[in-house]
Amino acid sequence: MLQLFVGLCGLYFAFPFVCNQTDLELIVTRRATDWIFILLKVLPCVFLTFWVKSHSADLCKKTKGIFEKEEQEKIRLNASAFCLSSFGDLCLAFKNTLSFPLGILGFSLAQICYVRSFGWQNVTRHLGMSLYFIAFINLAVIFGFHLTKEDSMQGLELYVTSFAVLIYCLLIYTAFWRSLDIKIHSTDTENSSTDTLRCVGVGLFIISDTIIAVNKFCVTIPYAWIAIMGYYYLAQGLIAYSETNSFKNPRKEKII
């Protein structure tokens, strides 16, 4: 079924090039093509929302309904994360005053779901502090560069935006921290590759969001949307695969 997810991602990337190479606007209006592009952008994560739910339902049938409460909660959190990511995608597709903060809100809630799904069973505190330090340095460089620009944000807009980005940044680095702790403390060799893919997925999420921040606040990157959405879809796909695969191979230790 993940082949369908890859296909939906491919449609999203192919559509703008098809529009540029053909006279599509002779058939449909520019407004219609914009809406089609937005729909194609949102569809991959909408698909993952239903795929996680259907996958877990099939697994529940195979195991004759023997599904721990913790795993049921994990499924719900992952489906919620993909749904909230779809909301974030939808908001960021529009270019207005509220679209960016609403998009940040959607993705922040999605990261909270990921953090809760990954759990807090094993905590390496120095690892978390190191990641938070990297996050602060990253933001300081980006916003420091932004303030040197003539058209930089000022006053309330700057404070609100920087605070929202800071909260989101801490949340996504927390999700990365939790995924790394799962990998570090796992003694289950069967889930080793699954744990690695989870870490890579969240790491790609951070790369995608960093490119967004640099492109929005620092310098315009040509064709940035390709890198942003490419890393983003790959991240979501890897997280979805690793999480559903962990349902197939439940750990001996409980997930808190």
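Accessible areas in this report come from the Shrake-Rupley method with a 1.4 Å probe. On that basis the chain, taken from a predicted model, exposes about 13900 Å², of which carbon and sulfur atoms supply 68%.

**Overall build**

The secondary structure of the chain comes to eight helices and zero strands, and read from the N terminus on, the elements accordingly run α-α-α-α-α-α-α-α. Of the 256 residues in the chain, 46% are buried. Where contacts join residues at least 6 apart in sequence, 81% of these contacts link residues that are at least 24 apart.

**A nonpolar patch on the surface**

Phe87, Leu98, Leu102, Leu105, Leu109 and Ile112 together make a nonpolar surface patch of about 500 Å². Helix H4, which spans residues 99-118, gives the largest share of this patch with four residues, while Leu98 is found in the loop between helix H3 (69-93) and H4. Leu98 has a relative accessible area of 57% and counts as exposed, because the cut-off for that class is over 50%.

**Aromatic pairs**

How many aromatic pairs does the model hold? The count comes to 21 aromatic pairs, and two of them are set out in the table below.

| Pair | Centre to centre | Angle between planes | Arrangement |
|---|---|---|---|
| Tyr12 and Phe13 | 5.3 Å | 70 degrees | edge-to-face |
| Trp120 and Trp177 | 5.4 Å | 90 degrees | edge-to-face |

In the pair of Trp120 and Trp177, Trp120 lies in the loop between H4 and helix H5 (125-146) and Trp177 lies in helix H6 (residues 155-185), so the pair ties together parts that are 57 residues apart in sequence. Are these two tryptophans buried or exposed? Trp120, at 39% relative accessibility, counts as partly exposed, whereas Trp177, at 6% relative accessibility, counts as buried. Tyr12, from the other pair in the table, is buried as well, with a relative accessible area of 3%, which means that Tyr12 falls in the class set at under 20%.

**Charges over rings**

Trp177 also takes part in another kind of arrangement, since the charged end of Arg178 sits over the ring of Trp177, 5.2 Å from its centre. The charged end of Lys216 likewise sits over a ring, in this case that of Phe100, at 4.6 Å from its centre.

Terms used
Residues numbered from 1 in each chain as written. Predicted model: local features only at pLDDT ≥ 70, side-chain atom pairs only at ≥ 80, totals over all residues. Heavy atoms only, no water. Patch = residues over 30% accessible without salt bridge, like charges linked within 9 Å, V, L, I, M, F, W, Y side chains within 5 Å. Salt bridge = Lys/Arg side-chain N within 4 Å of Asp/Glu carboxyl O. Helix = DSSP H or I, 4+ residues; strand = E, 2+ residues; numbered from the N terminus. Buried < 20%, exposed > 50% of the residue type's maximum accessible area, 1.4 Å probe, protein only. Phe/Tyr/Trp six-rings, centres within 6.5 Å; stacked < 30°, edge-to-face > 60°. Lys NZ or Arg CZ within 6 Å of the ring centre and 35° of its normal. Contact = heavy atoms within 4.5 Å.
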